[in-house]
Amino acid sequence: MEFRAIAAGFLLVLSAAAGGEAATVSFGVRNLAANTAGGRRFDTTVGRDHARNVLEEATSVVWSLFHETSAADRKAVDAVELVVADGITGGCRASPSQPGRIDLSARFVGSYGGDIRTEVTGMLYREVARVWQWDGEGRANAALVHGISDWVRLRAGYAPERWVKPGDGMRWDEQYPGVTARFLEYLDTRRTGFVAELNSGLKKATSGEQIFRRITGESVETLWAQYKAVYASA
C-alpha cells in the first residue's frame, strides 16, 4: 500500500501537464448489468464516479509515461468509456473493434474474492494504456504489447501479488503475468524513457524486437540475459 501511494503521488505530478489536454477527451461509464450481482457490486464497491475518475487520471498518466505531449503524438481517440456487461468473457479488456471502449465483466466483478475496487482500478490502468498505446499496426509481438500495458499498471502501483517477482521468467516474451512488464521496468530504469521510445517505435508496422536494438544497440535476447544476470547475482 505504501508503494502504491508513493507511485500514485509521483504519477499525479508527472501527469499534471497532460491533465489539461485530457479534458478534451470525454470519459464515461455505463453499467449494463446493474440488476446482476456483479453489476450491483460494481456500483456499491467500485463506483461509477471512481471508475470515471480512473479513466481520466490513467489517460493523463499514460500520455506522460509515453511522452506524448501533443495530440499529434497520440492515437485519434476522442472518448474513453467503460462498459460493465454480463456477457463478457474474461475480466477487463479494451475493445479491438471500438477504439476507446473498455469492457468489464460483471460476472468477474461478482465472483472476485479479493479487493475488487483495487483490482478494477489496476485493470483500468492497464486497459487505458491499451487504448492509447501503439501495436506495430497489429503486427507487434503480443507479449510486448501486453507487457507495455502491464508496465503502466506496474508504474501506477497496482501490480497484483500474483505477478512474478523481478528477475523471474524463462523468456522475455513469456506469456505469464508480469514477466515482460518487470523486464521493461528494468530497461526503463537503465535508460529513462525507454518504454516511451519503444511504444513510439510501434507506430509503424513491426513485430517490435528490432526496436530494442535500435534504442540500445543490443538485441532483446542480450538485454534479457543481462537482466537475468542482475537478479541471479542479487
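Helices (H or I, at least four residues) and strands (E, at least two) are DSSP runs, numbered from the N terminus. The model described here is predicted. An open sheet of four strands is one of its features, and two helices, α3 and α4, each lie across β1, β2 and β4 of that sheet. The notes below also describe the largest pocket, with a volume of about 380 Å³, and the second largest, with about 280 Å³.

**The sheet**

- The strands of the open sheet follow the order β1-β2-β4-β3, and their pairing is mixed.
- At the edges stand β1 (26–31) and β3 (92–94), each of which pairs on one side only.
- From one strand to the next, the twist averages 15 degrees.
- Strands of a sheet pair through backbone hydrogen bonds, in either the parallel or the antiparallel sense.
- The pairing of β2 (residues 79–85) with β4 (residues 101–105) is parallel and has five bridges.
- Within this pairing, Glu 81 has Arg 101 of β4 as its bridge partner, and Val 84 has Leu 104 of β4.
- β3 and β4 run antiparallel and are joined by three bridges.
- Arg 93 is placed opposite Asp 103 in β4.
- The hairpin of β3 and β4 has six residues between the strands, and Gly 100 in this hairpin takes a positive phi near 95 degrees.

**Burial of β4**

- Five of the five residues of β4 are buried, and the strand is mostly covered.
- In a regular strand the side chains alternate between the two faces of the sheet.
- In β4 both faces are covered: one side has Arg 101, Asp 103 and Ser 105, the other has Ile 102 and Leu 104, and all of these are buried.
- Arg 101, the bridge partner of Glu 81, and Asp 103, which stands opposite Arg 93, are thus on one side of β4 and buried.

**Helices across the sheet**

- Helix α3 (residues 37–46) lies across β1, β2 and β4 and runs at about 135 degrees to β1.
- Helix α4 (residues 48–65) also lies across β1, β2 and β4, at about 145 degrees to β1.

**Largest pocket**

- The largest pocket is lined by 18 residues, and those closest to its centre are Lys 75, Ser 95, Pro 96, Arg 130 and Asp 135.
- Two elements, α6 (116–132) and α7 (142–155), give two or more residues to this lining.
- The most comes from α7, with three residues.
- The lining of the largest pocket has eight nonpolar, six polar and four charged residues.

**Second largest pocket**

- Of the 19 residues that line the second largest pocket, His 146, Asp 150, Tyr 176, Pro 177 and Gly 178 lie nearest its centre.
- Elements that give two or more residues to this lining are α6, α7 and α8 (179–190).
- α7 supplies the largest share of the lining of the second largest pocket, five residues.
- By class, this lining divides into eight nonpolar, five polar and six charged residues.

**Positive phi outside glycine**

- Most residues other than glycine have a negative phi.
- His 67 is not a glycine, yet its phi is positive, at about 55 degrees.
- His 67 sits in the loop between α4 and β2.
- Glu 137, also not a glycine, has a positive phi of about 55 degrees.
- Glu 137 is in the loop between α6 and α7.
- Glu 137 counts as exposed because its relative accessible area is 55%, and exposed means over 50%.

Conventions:
Residues are numbered from 1 along each chain as its sequence is written. This is a predicted model: local features need pLDDT of at least 70, side-chain atom pairs count only at pLDDT 80 or more; totals for chains, interfaces and linings use all residues. Side-chain values use heavy atoms; hydrogens and water are left out. Two strands pair if DSSP finds at least two bridges between them. Axes are lines fitted to C-alpha atoms, for helices over the stretch in contact, and angles run from 0 to 180 degrees between N-to-C directions. Contact means heavy atoms within 4.5 Å. On a 1 Å grid over the protein atoms alone, a cavity is a set of points where a 1.4 Å probe fits but cannot get out, and a pocket is an open set with protein on both sides within 12 Å along at least five of seven lines; lining residues have an atom within 4 Å of a point. Grid points are joined across faces, edges and corners, and a volume is the space filled by probe spheres set on the points. Ala, Val, Leu, Ile, Met, Phe, Trp, Tyr, Cys and Pro count as nonpolar, Asp, Glu, Lys and Arg as charged, and the others, Gly among them, as polar. Buried means under 20% relative accessible area, exposed over 50%, partly exposed in between (1.4 Å probe, protein chains only).
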